[in-house]
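Please walk me through this structure in the viewer. I would like to know what to select at each stop and what is there.

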Amino acid sequence: MSHRKQIDIRGIPFSIETGKVARQADGAVVVRFGASMVLATVVAAKSAKESQDFFPLTVEYRERAYAGGRIPGGYFKREGAPVKKETLTMRLIDRPIRPLFPDGFRNEVQVVCLVVSGDPEHDPDVLAMNGASAAISLSGIPFRGPVGAVRVGMVDGKLVANPTTAEQAVSQLELIVAGTEDAVLMVEAGAREVPEETMLEAIAFGHAECQRLARMQKELVAEAGKPRWTFDPTAGVDTELAGRVRALAEPKLAAALGTYEKQARAEAVGRVFDEVWAAMGVEDTRKGAVRAAFEEAESAVVRRMIVEQGIRVDGRKVNEIRPISIEMACLPRAHGSALFTRGETQALVSATLGTKSDEQKIEALEGESYRHFMLHYNFPPFSVGEVRRFGSPSRRDIGHGALAERAVEAVLPPKEEFPYTIRVVSDILESNGSSSMASVCGGSLSLMDAGVPLRSHVAGIAMGLVKEGDRFGILTDIMGTEDHYGDMDFKVAGTEKGVTALQMDIKITGVSLEIMREALRQAREARMVVLAKMREALEKPRAELSPYAPRFVTIRIRPEKIREVIGPGGKVVRGIQEQTGAKIDIEDDGRVTVFSPDSASVQKAVGMIQDICREVELDRIYLGKVKKIVEFGAFVEVIPNTEGLLHISQIAESRIRSVQDVLTEGDEVLVKVIEIDGNGKMRLSRKMALRDQPALADKERLKNPQAANPPRD
């Protein structure tokens, strides 16, 4: 039996249905909004694996090509590895649901969301977020949900829920909010320098919609939910052992955690664990339990220092930023580069300028599109002193790169003014927290070093939270330990004017708007400090591009001439590129951009294009070339690829017996354009050209002696 619940969002039905499809999954729903449909399912193992010391949650999201009415590209003609959009959506689904599974739950859980119908006006990602929550809530798996999720835009100064694709294109804000009925769980945003108070208003607006969606899911669970699983989070926990570990560890941990340098601190904490393990005197099979209890004790000490004493493990105050150092132009051959170091986090960031042919092609449900700005983030294992497989970018790498990309993209010049394809790469060389925000700072600096005319610098800062009952501490510029043992990771990037990107993840069941307001205020203060440091290193974009970057000239031609410039199969434009060494980009509106590090190559290519596109003018005299002779005259090319008829009666002042008596193919002759009809056909006159410009006759005689003295009839 199927069950269905529905609400309206901006007059459009948003529905969740269960019981009709995928009935062998523990939970399955179909979510609809407009013509978009997502199938969301969840399956959980009935028991945890032995010695499992973490919660194995996996989330998969796939957009089926048939959902958009298309066949996948590539050789295999089927969907392959997840693309960037799918990976980012997996993270959006995972982040709000993960903290709602109870502590100690170790059963493997897999959430799978499939987009089976794609409405180009309504992005299915928020449907998948709601669907995942509903499927888990219906399944009976231990879960403190449900969770509602909504996209918020700002169009003409007004906040709108689930804006259409057209509205998103003009929106000042793209915000995704996820939350329960009680509190906000996750925020993800890109913005065009939106003030902090406006951002808070948008979050509150989005949370109100999340509450409606969560209530709808609760109603569905009340009708169709499966019995709740029995789960006791204290089962198997040895409270006596945990108490002994705390008593042995906590007095020594405070001193060990006071070691400021990351590696030295880890070694000091490791020595404390070795001492605790030796003092416990238990069998080796219980070492895992001892280590888990030791980490709980370490977490308690770190959190107590922050909440009760207002100090952190590296000695900073809660609102203090780590020391910052910046080195500009550190890579001699890169178009732009910066080495940004904040404490023990270091990012080597480079900027490269390319042409339209370097744009990234995107295949999506909505069709094909191209991106001219990319920011890629790499997190090699040596950055944290580890030995690990050096493979393709992880979901984390892709997510961090997308966040930094959104932050910087807001201040880029319009493509019409700066037609380069831009790629920024951030290689993390050291990491102790906040590497994505270091990538934002380094990305802004490297682009200015490359001469990209950014409107302003963009800086990022990561905020943290430790909450114990009613007491809490908000931390500025968190490092790894505080991220690991804290309750919130709140990344904020922006300019002096406002926020350009925001991301919040929490490990508790929600945070209030008051806490977010204070975190945003503290983040703004810190951002101003970082921006001042960045301006000291490089105040504004360099006036000149790198000598290794391509230069460009943009001209406009009539759109009807584009075919002539390109030529059959691209033959003409390829020939120009081969002769000049320049790269040529042609837009449908007639805008032509010529790129080359050599200005002479640019000018030569521009000249060749202008020759092709030159228009013939009435009453103007040209030195043309005879292309073909016929009985009644000759066809003369006056400009490249444009010919007119020179009638036999217009060749000479006196009557001539035959055209061949005066002209041969290949001759260069002076002609005047005496008529252009409605179809563009031209009539030419040699005798009128010589009559109007007798001084030019000598030039023709040198080119064509035979035509200078035509035989008379």
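## Stop 1: His457

Start with the side chain of His457, one of whose polar atoms lies 2.8 Å from the backbone oxygen of Leu538. Keep in mind during the tour that this is a predicted model. Now add Ser444 to the selection: its side chain and that of His457 are joined by a polar contact of 2.9 Å.

To place His457 along the chain, look at the loop between helix H9 (435-449) and strand E18 (459-468). Is His457 buried or exposed? Its relative accessibility is 3%, so His457 counts as buried, the cut-off for buried being under 20%. To see what surrounds His457, select the residues it touches, leaving out those up to four places away in sequence: Ser444, Leu445, Met448, Gly494, Thr495, Leu531, Met534, Arg535, Leu538 and Glu539.

## Stop 2: Asp477 and Asn162

Next, select Asp477, in the loop between strand E19 (471-476) and helix H10 (480-485). Asp477 is not a glycine, yet its phi is positive, at about 60 degrees. With a relative accessibility of 0%, Asp477 counts as buried.

Then go to Asn162, which sits in the loop between strand E8 (158-161) and helix H3 (165-170). Here too the backbone is the thing to look at: phi of Asn162 is near 45 degrees, a positive value in a residue other than glycine. Asn162 has 6% relative accessibility and therefore counts as buried.

## Stop 3: helices H1 and H2, and the loop after H2

Select helix H1 (residues 84-97) together with helix H2 (residues 125-139); their axes come within 9 Å and cross at roughly 40 degrees. That angle makes H1 oblique to H2. The crossing of the two helices, H1 and H2, is right-handed.

Which residues of H1 and H2 meet? From H1 they are Lys85, Thr89, Leu92, Ile93, Pro96 and Ile97, and from H2 they are Asp125, Ala128, Met129, Ala132 and Ile136. Sorted by class, the contact of H1 with H2 has eight nonpolar residues, one polar and two charged.

Now move into the loop between H2 and strand E7 (148-155), where Phe143 is found. Phe143 has 9% relative accessibility, so it counts as buried. Leaving aside neighbours within four places in sequence, Phe143 is in contact with Ile97, Leu100, Phe101, Pro102, Ser133, Ile136, Ser137 and Arg228. Ile97 and Ile136 also take part in the contact of H1 with H2. Add Trp229 as well: its C-alpha atom is separated by 9.7 Å from that of Phe143, although the two residues are 86 residues apart along the chain.

Pro146 also has its place in the loop between H2 and E7. Select it with Gly145 to view the cis peptide bond that joins them, where omega is about 5 degrees.

## Stop 4: helices H6 and H7

Select helix H6 (residues 262-280) and helix H7 (residues 287-309), which pack at an angle of about 130 degrees with their axes 11 Å apart. H6 and H7 are therefore oblique to each other. H6 passes H7 in a right-handed crossing. To show the contact, pick Val269, Val272, Phe273, Val276, Trp277 and Met280 of H6, then Lys287, Val290, Arg291, Phe294 and Glu298 of H7. The classes in the contact of H6 with H7 are eight nonpolar, no polar and three charged residues.

## Stop 5: Gln346

Select Gln346, found in strand E13 (residues 345-354). At 15% relative accessibility Gln346 counts as buried. Apart from neighbours within four places in sequence, Gln346 is in contact with Leu339, Phe340, Thr341, Asp427, Ile428, Leu429 and Glu430.

## Stop 6: helices H13 and H14

For the last stop, select helix H13 (residues 571-580) and helix H14 (residues 599-613), whose axes are 9 Å apart and which pack at an angle of about 150 degrees. Why do H13 and H14 count as roughly antiparallel? Angles over 145 degrees are counted that way, so H13 and H14 are roughly antiparallel to each other. H13 passes H14 in a right-handed crossing.

On the H13 side, show Val572, Ile576, Gln579 and Thr580; they meet Ser601, Lys604, Ala605, Met608, Ile609 and Ile612 in H14. Six of the residues in this contact of H13 with H14 are nonpolar, three are polar and one is charged.

How values were computed. Residues are numbered from 1 along each chain as its sequence is written. This is a predicted model: local features need pLDDT of at least 70, side-chain atom pairs count only at pLDDT 80 or more; totals for chains, interfaces and linings use all residues. Side-chain values use heavy atoms; hydrogens and water are left out. Axes are lines fitted to C-alpha atoms, for helices over the stretch in contact, and angles run from 0 to 180 degrees between N-to-C directions. Helices (H or I, at least four residues) and strands (E, at least two) are DSSP runs, numbered from the N terminus. Angles under 35 degrees count as roughly parallel, over 145 as roughly antiparallel, 65 to 115 as roughly perpendicular and the rest as oblique. A crossing is left-handed if the near helix is turned anticlockwise from the far one by less than a right angle, and right-handed if clockwise. Contact means heavy atoms within 4.5 Å. Ala, Val, Leu, Ile, Met, Phe, Trp, Tyr, Cys and Pro count as nonpolar, Asp, Glu, Lys and Arg as charged, and the others, Gly among them, as polar. Buried means under 20% relative accessible area, exposed over 50%, partly exposed in between (1.4 Å probe, protein chains only). A polar contact is a pair of N or O atoms within 3.5 Å; within protein, one must be able to donate a hydrogen and the other to accept it, and residues adjacent in sequence count only if both atoms are side-chain atoms.
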